[in-house]
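Biologist: Could you take me through one part of this model at close range? I would like to hear about a sheet and the nonpolar core.

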Amino acid sequence: MKAVGIVSGLAVLAALTAGGAAQAENLSVNTTVAPYCGIRLANVSSGTASVAHEAEQMVANLELACNTGGTAQLVVNPLNGDFKNGNNLINYAMRFDAADNAFDINTTDAYPGDAEGSGKFTRNKVGYSQSLANGSAAQFYLNVNVAAPGPAPLGQTFYPANAAPAGTYNESFSFELSAI
Ligand SMILES: [Ca+2]
Ligand SMILES: [Ca+2]
């Protein structure tokens with residue numbers, strides 16, 4: 001992690017001369033800005049969201065913030081690549097749309113259909129960005145109305161979202177932003 005320190009100083013000198021009497025005051029102010037880099041859910045306080053069996057929908061609003069002068073790296077990691085309830089699976093497509101397009105992930109089947117290997121998505125933003133330091137928004141979208149890319153793993157079954165056995169299907173995503 002690259003450390004970035006910003007130190008600014010402000011000195012105010014006020015001098016007043018009246019009737020031969022002189023008075024001076026000095027004020028010295030320093031601030032140190034520590035390096036920071038992180039991502040937070042802006043609309044899901046519990047970290048849990050639900051997705052309906054409809055068209056693509058936004059499931060999370062995130063804020064990315066990093067004041068690195070090096071590279072800010074986003075890693076989005078879907079745990080399984082499918083919604084799971086026991087051995088029953090529902091496939092999905094995901095999309096990450098950030099205000100800073102360097103972090104965008106185009107619509108993809110997280111696994112096994114994605115072209116990025118294990119279903120872990122890495123995006124880099126090189127160089128200092130004032131808007132990223134200020135905090136930059138991103139939206140995470142899911143669509144469960146997509147066909148499975150192929151047969152399910154042994155012992156498991158893919159179902160279309162509108163014809164799956166009743167139950168709660170779960171998938172977890174981790175979002176990590178770090179300075180590298
Ligand atoms: Ca974008
Ligand atoms: Ca999948």
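Modeller: Happy to; here is the sheet, followed by the core. This is a predicted model, where local features need pLDDT of at least 70 and side-chain atom pairs count only at pLDDT 80 or more, while totals for chains, interfaces and linings use all residues. Residues are numbered from 1 along each chain as its sequence is written, and chains are lettered from A and ligands numbered from 1 in the order in which they are written.

An open sheet of 3 strands runs in the order S10-S5-S13 with antiparallel pairing (strands are DSSP runs of E, at least two residues, numbered from the N terminus; two of them pair if DSSP finds at least two bridges between them). Its edge strands, S10 (121-126) and S13 (173-179), each pair on one side only. Strand S5 (residues 71-78) pairs with S13 over 7 bridges, and glutamine 73 has serine 178 in S13 as its bridge partner.

S5 also takes us to the largest nonpolar core: S3 (37-41), S4 (57-66), S5, S8 and S11 (136-143) each supply at least two of its residues. Such a core is a set of buried Ala, Val, Leu, Ile, Met, Phe, Trp, Tyr and Cys residues joined through C-beta atoms within 7 Å; buried means that 20 or more other C-beta atoms lie within 10 Å of a residue's own, with C-beta atoms placed from the backbone. The core has 17 residues, of which Leu64, Cys66, Phe96, Phe103, Ala138 and Leu177 touch the most other members. Leaving aside neighbours within four places in sequence, phenylalanine 103 is in contact (C-beta atoms within 7 Å) with Leu64, Leu74, Phe96, Ala98, Arg123, Lys125 and Ala138.

Conventions. Helix = DSSP H or I, 4+ residues; strand = E, 2+ residues; numbered from the N terminus. Buried ≥ 20, exposed ≤ 12 C-beta atoms within 10 Å, placed from the backbone. Contact = placed C-beta atoms within 7 Å.
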